[in-house]
Amino acid sequence: MAKGLFITGTDTGVGKTVITGGLAGVFRKNGVKAAAFKPVQTGGIESGEGLLSEDALFYQAAAGLPYSRDMNPYCFRMPLSPNIAARVSEQIIDPAYLVDKYHNLTCENDFVLVEGAGGLCVPLVDYGFTMADLAHLLGTPLLVVARPGLGTINHTVLTVRYALWSGLEVKGIIINGYREEQATLAERTNPEVIEGMTGVPILGIVPYLPEMSVESGCAGGLLETIEEKVDWRRLM
Ligand SMILES: Nc1ncnc2c1ncn2[C@@H]1O[C@H](COP(=O)(O)OP(=O)(O)O)[C@@H](O)[C@H]1O
Ligand SMILES: [Mg+2]
């Protein structure tokens, strides 16, 4: 049975897709058969073959994983929370279906990286079933992706404490998008404060990579950076 890891974030847009694609690529480069899974994508991209998941397309670009529907069971057009995006499409997300799809991937791989949408309290089903509940159902520990700047102590500590309160294990935290040359005192001290307050290790501080972009499917330099800056072996 494969190992699983649920990549959550303190918010949307913090770099979950970048870290998921990057880790999948590093694992594969080092001989681990890793898959990436995006249970629910909102803001899907229109194409000739229907809606496509931008996040799964980035996993393909970063980790060389061939794009398939198995990577992303639910894809909705509207960039909304999953429960409302599903409602607008006259659908209801079925958590049991997501568990099935996840289990298929765990049978075929050594490691499955699951990317949530938004943060832990984002709802998939009205009004109780959240990303935290999905992580629980999949039985996966968490990796939390956080921003480097002012405000991140509160967001990250809230996320970790909520995860622990929900009975989830938090393997580590990654600070993403750090700009060393212009780092403020807050940015330089945040990792130490977050680690001290949560007792969860910061497994890496990933720099801002100007060449890389999820939207343009460009992963330039990402794998080398993750390999160097993230203690990825501790996640295995
Ligand atoms: N380390 C980084 N360097 C440069 N751009 C980044 C970095 N991490 C994320 N981005 C950009 O920030 C945006 C949000 O990242 P993404 O991984 O899609 O976040 P999330 O999955 O949490 O919503 C994207 O445009 C992505 O290309
Ligand atoms: Mg994403």
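**Exercise 1.** Using the spacing T-x37-D-x59-E of the donor residues of the magnesium ion (ligand 2), work out which residues coordinate the ion and which parts of the chain they connect.

*Solution.* The model is a predicted one, in which local features need pLDDT of at least 70 and side-chain atom pairs 80 or more, while totals for chains, interfaces and linings use all residues. Residues are numbered from 1 along each chain as written, chains are lettered from A and ligands numbered from 1 in written order, and side-chain values use heavy atoms, without hydrogens and water.

Step 1: The ion is coordinated by Thr17 (OG1), Asp55 (OD) and Glu115 (OE) at 2.0 to 2.4 Å, where donors are N, O and S atoms within 2.8 Å of the metal (3.2 Å for Na, K and Ca), and sites may look incomplete as water is not among the atoms.

Step 2: Because Asp55 lies in helix α2 and Glu115 in strand β7 (residues 111–115), the pair ties together parts 60 residues apart in sequence; helices (H or I, at least four residues) and strands (E, at least two) are DSSP runs, numbered from the N terminus.

Step 3: Asp55, at 8% relative accessibility, counts as buried, and so does Glu115 at 2%; buried means under 20% relative accessible area, exposed over 50% and partly exposed in between (1.4 Å probe, protein chains only).

**Exercise 2.** Determine which residues of helix α8 (residues 222–229) are buried, and what they pack against.

*Solution.* Step 1: Leu222, Leu223, Thr225 and Ile226 are the buried residues.

Step 2: They pack against α1 (16–29), α2 (54–63) and β12 (202–207), contact meaning heavy atoms within 4.5 Å.
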